[in-house]
Structure formats: C-alpha cells, structure tokens
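User: I have a chain open here and would like to talk it through with you. Could you start with what counts as a contact, and then move on to the fold?

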Amino acid sequence: MSKNKSVVKRFNHEVIENLDMVAFSDLVSPEFINHSAPPGVSKGPDGFAAFFTNVLHQAFTDIKVLIHDQLEENGKVATRKTIEGTHSGPFFGHAKTGRRILIQVTDIVHVKDGKYIEHWGSADIYGAIAQISKA
C-alpha cells in the first residue's frame with residue numbers, strides 16, 4: 001500500500017471512526033481546502049473538522065468505515081467507502097431512530113507530505129435519510 005493510501009486509511013479510521021482530533025491535526029494541513037464544503041461552511045480545516053464533530057458524531061454512534069476501493073494517481077487518492085453507524089441523534093432534521101444507517105461515500109483527497117491538502121467528496125445523504133425515514 002502506498003504512503004498516501006495509508007494516510008487516507010488512517011484518517012478514515014482514526015478521525016472518522018474514532019473522532020481523534022489529534023490525528024486530525026497530524027493529518028490535515030493548515031492550508032487544506034475542502035472543495036465540497038456546502039455554502040456558508042468554511043472550506044478550511046475548521047469547517048472540515050466541524051462536520052465530524054458537529055454533524056456525524058452528533059448523529060451517529062458506533063461509527064465504522066469500510067473501505068471498498070482506493071485508487072491513486074498524482075498524489076490524489078480516490079476512495080469508495082461505506083460509513084455506518086447507529087442513528088442516535090438528530091441528522092439533517094431527523095430525530096434519532098436507533099437504526100443502523102449506511103452512508104455511501106466517494107471522495108478524492110490530495111495528499112502532500114503525509115497531509116490532506118485538498119478534498120472533493122460525494123456522500124449519499126439522500127440514501128441515508130431514506131433509511132432513517134423508512135417505516
């Protein structure tokens with residue numbers, strides 16, 4: 001496994017699964033740009049960190065990340081993964097259900113000198129909300 005793929009794998013397990021913000025600081029450059037940040041959210045490391053602390057880990061517990069594929073070219077690592085967790089708090093206006101929810105994600109991370117410097121991503125939030133909303 002390449003060094004860059006290892007950095008992305010470490011981020012997924014230490015930050016996304018375990019909310020290790022020391023690892024976040026180790027793995028994300030201060031110059032980081034999140035090209036997928038929604039309007040009104042900082043494209044810098046602070047906005048990126050806020051998604052994990054204020055959205056994902058507020059809405060889900062027992063988070064696991066399953067990496068299906070990783071491809072690398074020119075310092076960019078593309079990852080197809082599933083984030084799963086127990087819906088235990090509000091998520092985009094939906095009250096907790098206690099259900100195990102799967103979120104399909106594809107992202108591209110530009111890694112330089114062992115740190116995230118750019119991110120582009122697409123998460124199937126609609127599919128997650130459909131799982132939450134099912135009768």
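Analyst: Contact here means heavy atoms within 4.5 Å. With that in hand, and bearing in mind that this is a predicted model, residues 24 or more positions apart account for 58% of the contacts in the protein chain with a separation of 6 or more.

User: OK, and how many helices and strands are there in the protein chain?

Analyst: The protein chain has 4 helices and 5 strands, and reading along the sequence gives the pattern α-α-β-α-β-β-β-β-α. Its radius of gyration is 15 Å, close to the 14 Å that the globule rule gives for 135 residues, so the protein chain is as compact as a globular protein of that length.

User: What box do the C-alpha atoms fill, taken along the principal axes?

Analyst: The box is roughly 45 × 30 × 25 Å. As for the surface, the accessible area of the protein chain is about 7,200 Å², with 55% of that belonging to carbon and sulfur atoms, while 41% of the 135 residues count as buried.

User: Switching to packing: at what angle do helix 1 and helix 3 pack?

Analyst: Helix 1, which covers residues 3–17, and helix 3, which covers residues 45–59, pack at an angle of about 55°, and their axes are 10 Å apart. That angle makes helix 1 oblique to helix 3. On the helix 1 side the contact is made by Phe11, Val15, Ile16 and Glu17, and on the helix 3 side by Phe48, Phe52, Leu56 and His57.

User: And by class, which residues does that contact of helix 1 with helix 3 have?

Analyst: By class, the contact has 6 nonpolar residues, 1 polar and 1 charged.

User: Next, lysine 81. Buried or exposed?

Analyst: Lysine 81, which lies in strand 3, has a relative accessible area of 2%, and because buried means under 20%, lysine 81 counts as buried.

User: What is lysine 81 in contact with, leaving aside its neighbours within four places in sequence?

Analyst: With those neighbours set aside, lysine 81 is in contact with Asn12, Ile16, Val65, Leu66, Ile67, His68, Ile103, Gln104, Val105 and Asp107. Ile16 also appears in the contact between helix 1 and helix 3. In addition, lysine 81 and alanine 123 are 42 residues apart in sequence, with a C-alpha to C-alpha separation of 9.6 Å in space.

User: Then where is the place of histidine 119, and why does it count as buried?

Analyst: Histidine 119 sits in strand 5, residues 115–123, and it counts as buried because its relative accessibility is 9%. Apart from neighbours within four places in sequence, its contacts are Phe32, Ile33, Asn34, His35, Ser36, Phe48, Asp107, Ile108 and Val109. Asp107 is also among the residues in contact with lysine 81, and Phe48 is one of the helix 3 residues in the contact with helix 1.

User: Last topic, backbone oddities. Which residue other than glycine has phi near 50° in the loop between helix 1 and helix 2?

Analyst: That is leucine 19, whose phi is positive, near 50°, although the residue is not a glycine; it is found in the loop between helix 1 and helix 2, the latter spanning 21–27. At 27% relative accessibility, leucine 19 counts as partly exposed.

User: And asparagine 74, where is its place?

Analyst: Asparagine 74 is in the loop between strand 2 (60–73) and strand 3 (76–87), and it has a positive phi of about 50° without being a glycine. Its relative accessibility is 68%, so asparagine 74 counts as exposed.

Key. Residues numbered from 1 in each chain as written. Predicted model: local features only at pLDDT ≥ 70, side-chain atom pairs only at ≥ 80, totals over all residues. Heavy atoms only, no water. Axes fitted to C-alpha atoms, helices over the stretch in contact; angles between N-to-C directions. Parallel < 35°, antiparallel > 145°, perpendicular 65-115°, else oblique. Nonpolar A, V, L, I, M, F, W, Y, C, P; charged D, E, K, R; others polar. Rg over C-alpha atoms; globule rule 2.2 N^0.38 Å. Buried < 20%, exposed > 50% of the residue type's maximum accessible area, 1.4 Å probe, protein only. Areas by Shrake-Rupley, 256 points an atom, 1.4 Å probe, with all protein chains shown as cover.
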